[in-house]
Amino acid sequence: AVASVLNQTFKKFELIIVNDASTDKTLDIIKFFSKKDSRVKIVNNDTRLDIASSLNKGINLAQSNIIARMDADDIAFSNRLELQYKLISSSNNISVVGANVVIIDTSGNQTATRRYPDTSRELKKCLFRYSPFAHPVVMFRKSMFEEIGRYNPKYSPTEDLDLWFRLGSKYEFGSIPETLLKYRVYEKSSS
């Protein structure tokens with residue numbers, strides 16, 4: 001996951017990694033990357049928080065107004081940030097940008113593909129049936145995120161759907177009609 005972000009065609013970013021009190025070698029791996037690349041910033045939770053609280057903590061530290069989110073077990077395609085940044089920058093009223101994803105298993109084998117609509121209208125219609133975005137492949141504006149109240153931890157593990165409803169009531173959505181992430185799903189995934 002970290003290597004796939006550091007090898008993006010879009011180079012100007014900071015990579016904030018929130019280690020949510022892991023008990024394995026995650027922190028050592030993150031430290032290895034931070035020594036090799038100054039764009040890597042580490043946030044280490046002493047006690048385990050939920051995903052929404054960890055996301056809020058990391059986003060709060062971000063210097064950019066554009067936030068790209070990803071999970072530790074997923075793999076970004078090399079042009080992900082570049083394509084999503086172009087789309088979100090095309091209009092000041094776009095709050096969130098998504099993309100299609102390939103579902104992979106624990107061994108990295110492709111098991112399915114998820115395709116999402118690419119117009120704001122169609123993405124908003126999805127809200128009443130399913131999430132219009134795969135959460136690990138979204139890019140959004142920090143200013144709009146803060147304005148509508150950030151991730152709400154009481155809705156975990158559907159903190160993303162709650163956020164999309166609030167953002168979608170005021171702003172537009174967008175999605176790249178291409179696959180930009182390998183999304184790892186396994187039997188005990190929160191999703």
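Mentor: Let's start with a term: a salt bridge is a side-chain nitrogen of Lys or Arg within 4 Å of a carboxyl oxygen of Asp or Glu. Keep in mind that we're looking at a predicted model.

Trainee: Okay, how many salt bridges does a search of the whole structure find?

Mentor: The search covers the whole structure, and each hit has to have its nitrogen and oxygen within 4 Å. The count comes to nine.

Trainee: Take Asp20 and Arg48, then. How many residues apart in sequence are the parts that this pair ties together?

Mentor: Their side chains meet in a salt bridge, at 3.5 Å from N to O. Asp20 sits in the loop between β1 and α2 (26–36), while Arg48 sits in the loop between β2 (40–44) and α3 (51–61). So the pair ties together parts whose separation in sequence is 28 residues.

Trainee: Is Arg48 buried or exposed?

Mentor: Look at its partner too: Asp20 has 14% relative accessibility, and buried means under 20%, so Asp20 counts as buried. Arg48 has 66%, and the cut-off on the other side is over 50%. That's why Arg48 counts as exposed.

Trainee: What about Arg69, buried or exposed?

Mentor: Arg69 meets Asp71 in a salt bridge, 2.7 Å from N to O. Asp71 is partly exposed at 22% relative accessibility. Arg69 has a relative accessible area of 4%, which is under 20%, so the word for Arg69 is buried.

Trainee: Which helix holds Lys124, the partner of Glu172?

Mentor: Glu172 and Lys124 form a salt bridge, with their closest N and O atoms 3.8 Å apart. Glu172 lies in strand β8 (residues 172–184), and the pair ties together parts that are 48 residues apart in sequence. Glu172 is partly exposed at 32%, and Lys124 is partly exposed at 22%. The helix with Lys124 in it is α5 (residues 120–126).

Trainee: Now to Gln8. Is Gln8 buried or exposed?

Mentor: You'll find Gln8 in the loop between α1 (2–6) and β1 (15–19). Among the residues it touches are Phe13, Phe77 and Leu81. Its relative accessibility is 1%, and the limit is under 20%, so Gln8 counts as buried.

Trainee: Which residue's backbone nitrogen does the side chain of Gln8 reach?

Mentor: The side chain of Gln8 makes a polar contact with the backbone oxygen of Ser4, at 2.9 Å. It also reaches a backbone nitrogen at 3.3 Å, and that nitrogen belongs to Arg80.

Conventions: Residues are numbered from 1 along each chain as its sequence is written. This is a predicted model: local features need pLDDT of at least 70, side-chain atom pairs count only at pLDDT 80 or more; totals for chains, interfaces and linings use all residues. Side-chain values use heavy atoms; hydrogens and water are left out. Helices (H or I, at least four residues) and strands (E, at least two) are DSSP runs, numbered from the N terminus. Buried means under 20% relative accessible area, exposed over 50%, partly exposed in between (1.4 Å probe, protein chains only). A polar contact is a pair of N or O atoms within 3.5 Å; within protein, one must be able to donate a hydrogen and the other to accept it, and residues adjacent in sequence count only if both atoms are side-chain atoms. Contact means heavy atoms within 4.5 Å. Lists of a residue's contacts leave out its neighbours within four places in sequence.
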